[in-house]
Amino acid sequence: MGRLRHFFRLSTQRDDLETRLLAQEYRFLLLDDHFDDGIDRKLQSRCDELSAEISSRRYRHHH
């Protein structure tokens, strides 16, 4: 059961990240002014973390 929860946790995180990335893309499309508010770096960092966790194929038990 733990692996199934792990799968759903990763799936939920992936979906959340995808939604945030799409929102960021729309923001870039709609705004002419591009300013660095740190969101890009946070999203990139989260993408890297999630990608590493998914590709590690290791189950991490969370309490």
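**Exercise 1. Leu30 and its surroundings**

Task: Decide whether Leu30 is buried or exposed in this predicted model, and find the surface patch to which Leu30 belongs.

Solution: Start with the relative accessible area of Leu30, which is 71%. The cut-off for exposed is over 50%, so Leu30 is exposed. Next, place the residue in the fold: Leu30 lies in helix α1. Finally, look at the nonpolar side chains on the surface. Leu30 joins Leu22, Tyr26, Leu29 and Leu31 in a nonpolar surface patch of about 570 Å².

**Exercise 2. The span of helix α1**

Task: Work out what distance helix α1 should span, and compare it with the separation of its end C-alpha atoms.

Solution: Begin by counting what the chain offers: there are 2 helices and 0 strands. Helix α1 covers residues 2–30, which makes 29 residues. Now apply a rise of 1.5 Å a residue, remembering that the expected span uses one less than the number of residues. That gives an expected span of 42 Å. The end C-alpha atoms of α1 are 42 Å apart, so the model agrees with the expectation.

**Exercise 3. The buried side of α1**

Task: Which residues of α1 are buried, and against which element do they pack?

Solution: First collect the residues of α1 that are buried: Gly2, His6, Leu10, Ser11, Leu17, Gln24 and Arg27. Then ask what lies against them. The buried residues of α1 pack against α2, which runs over 39–56.

Now take Gln24, a residue of helix α1, as a worked case. Its relative accessibility is 8%, and because the limit for buried is under 20%, Gln24 counts as buried. Setting aside neighbours within four places in sequence, the contacts of Gln24 are Ile39, Asp40 and Leu43.

To close, step back to the whole chain. Of its 63 residues, 17% count as buried. Among contacts with a separation of 6 or more, 65% are between residues 24 or more positions apart.

**Exercise 4. Salt bridges**

Task: How many salt bridges does the structure hold, and which of them links Glu53 to helix α1?

Solution: The total is 4 salt bridges. Let us go through three, beginning with Glu53, whose partner is Arg9; their closest N and O atoms are 2.4 Å apart. This pair links distant parts of the chain, since Glu53 sits in helix α2 and Arg9 in helix α1, 44 residues apart. Check the exposure of each partner in turn. Glu53 has 9% relative accessibility and therefore counts as buried, while Arg9, at 22%, is partly exposed.

Move on to Arg14 and Asp15, whose side chains meet in a salt bridge at 3.0 Å, N to O. Arg14 counts as partly exposed at 43% relative accessibility, and Asp15 is partly exposed as well, at 36%.

The third to examine is Asp16 with Arg20, where the closest N and O atoms are 3.6 Å apart. Both residues lie in helix α1, 4 residues apart, about one turn of the helix. Their relative accessibilities put both in the partly exposed class: 39% for Asp16 and 38% for Arg20.

**Exercise 5. An aromatic pair**

Task: Find which residues form the aromatic pair, and say whether their geometry is stacked or edge-to-face.

Solution: A search of the whole structure turns up 1 aromatic pair. The partners are Phe7 and Phe8, with their ring centres 5.3 Å apart and an angle of 65° between the planes. Planes over 60 degrees apart count as edge-to-face, so this pair is edge-to-face. One last check concerns Phe8: at 47% relative accessibility, Phe8 counts as partly exposed.

**Exercise 6. The surface as a whole**

Task: What area does the chain expose, and what share of it do carbon and sulfur atoms supply?

Solution: The exposed area of the chain is about 5500 Å². Carbon and sulfur atoms supply 56% of that area.

Methods:
Residues are numbered from 1 along each chain as its sequence is written. This is a predicted model: local features need pLDDT of at least 70, side-chain atom pairs count only at pLDDT 80 or more; totals for chains, interfaces and linings use all residues. Side-chain values use heavy atoms; hydrogens and water are left out. Buried means under 20% relative accessible area, exposed over 50%, partly exposed in between (1.4 Å probe, protein chains only). Contact means heavy atoms within 4.5 Å. Rings of Phe, Tyr and Trp (its six-membered ring) pair if their centres lie within 6.5 Å; planes under 30 degrees apart count as stacked, over 60 as edge-to-face and the rest as tilted. Patches are made of residues with over 30% relative accessible area and no salt bridge: like charges are joined within 9 Å, nonpolar side chains (Val, Leu, Ile, Met, Phe, Trp, Tyr) within 5 Å. Accessible areas come from the Shrake-Rupley method with a 1.4 Å probe; for residues, only the protein chains shown count as cover.
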